[in-house]
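Have the sequence and the coordinates open side by side. The report below goes helix by helix, with a stop at the hairpin.

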Amino acid sequence: MTPMTDSHSPINASHPRAVEDDDCLEQQIQHLLVAVEHELRSAPTGMNELSLIKALQSPPWELLGEVVFSEPEKLYPVHFLLFHVLYRLRDQLSETGESLKISPLSIRIESQSVVGGEGVPDSVDTLRQFYLDLSQYRLPEEAIQQMMNDFWAGAPGQAPAQSEAREAAEVLGFQAVPTDFPTVKQRFRRAVMHAHPDRGGKTETIQHLNQAFAVLKAHFRHSI
């Protein structure tokens, strides 16, 4: 894997329409495919979305510009393109007997236990459809917040996998998934308070907590 040259420019997260030309967008995606696969193979236990974004911002890649984690409309274009790349990479890896776990909380390459196929036969992978549709890259700002919440929390009508719920619980400091949602809300509020920048925390940490909270919210919504 070779570092990107000066012929590419980082995706500017502050301007969702900065990459208007489809050919240029595809070039950026190809750079990201190389970088993402390299980073994931260098981290066999996996990475969360925010760690992967940080890696793609850093040398030798420098493929992503500054990301404003506290503003969904500015985070969205980076989040969308990263997950577009992940789903394309998952399709590529399936041809070589590997699979790719895709979740904001845990992204990793795994050996495929079942060769061929994508999920339950005859089922529709709603998230894959969404992220592979590049027209969704330029959503109007008013639609972005709802989209981010919906797709962090899992495909509409589907509960998050048990492994995702456990990982989300661990992010909030639980050893296992709590038995009730009020306990989650209480822990989430306390964690966000401690992670607030005014107390020396980082907005990236708050975003990670938000993702975990969204997953658990969906878990309890579907368990009722």
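The buried residues of H1 pack against two helices and two strands: helix H2 (49-57), helix H3 (72-94), strand S1 (98-101) and strand S2 (108-111). This is a predicted model. Buried in H1 are Leu25, Gln28, Ile29, His31, Leu32, Leu33, Ala35, Val36, Glu37, Glu39 and Leu40. Charged side chains appear in that set, with Glu37 and Glu39 both buried.

**Helix lengths**

Two helices can be checked against the expected rise of 1.5 Å a residue.

| Helix | Residues | Expected span | Distance between end C-alpha atoms |
|---|---|---|---|
| H1 | 22-41 (20 residues) | 28 Å | 28 Å |
| H7 | 181-195 (15 residues) | 21 Å | 21 Å |

For H1, the expected and modelled spans agree. They agree for H7 as well.

**H2 and its contacts**

H2 also packs against helix H8 (residues 203-223). The angle is about 145°, and the axes lie 10 Å apart. From H2 come Glu49, Leu50 and Lys54; from H8 come Glu204, Gln207, His208 and Gln211. By class, this contact has one nonpolar, three polar and three charged residues.

Ser51 also belongs to H2. Is Ser51 buried or partly exposed? Its relative accessibility is 33%, so Ser51 counts as partly exposed. Buried would require under 20%, and exposed over 50%. The C-alpha atom of Ser51 is 9.9 Å from that of Pro104, although the two residues are 53 apart along the chain.

**The hairpin**

S1 and S2 form a hairpin, with six residues between the strands. The two strands run antiparallel and are joined by four bridges. In one of these pairs, Ser99 has Glu110 in S2 as its bridge partner. Both strands also take part in the packing against the buried residues of H1.

**H7: one face in, one face out**

Which residues of H7 are buried? They are Val184, Phe188 and Ala195. Seen down the helix axis, these buried residues fall within an arc of 35°, so they line one face of H7. An α-helix has 3.6 residues a turn, so residues three or four places apart point the same way. The buried residues of H7 pack against H8. On the other side of H7, Pro182, Gln186, Arg189 and His194 are exposed.

H8 thus appears in two contacts here. H2 packs against H8, and the buried residues of H7 do too.

Key: Residues numbered from 1 in each chain as written. Predicted model: local features only at pLDDT ≥ 70, side-chain atom pairs only at ≥ 80, totals over all residues. Heavy atoms only, no water. Expected span 1.5 Å × (residues − 1). Buried < 20%, exposed > 50% of the residue type's maximum accessible area, 1.4 Å probe, protein only. Contact = heavy atoms within 4.5 Å. Axes fitted to C-alpha atoms, helices over the stretch in contact; angles between N-to-C directions. Nonpolar A, V, L, I, M, F, W, Y, C, P; charged D, E, K, R; others polar. Pairing = 2+ DSSP bridges. Arc of directions from axis to C-beta.
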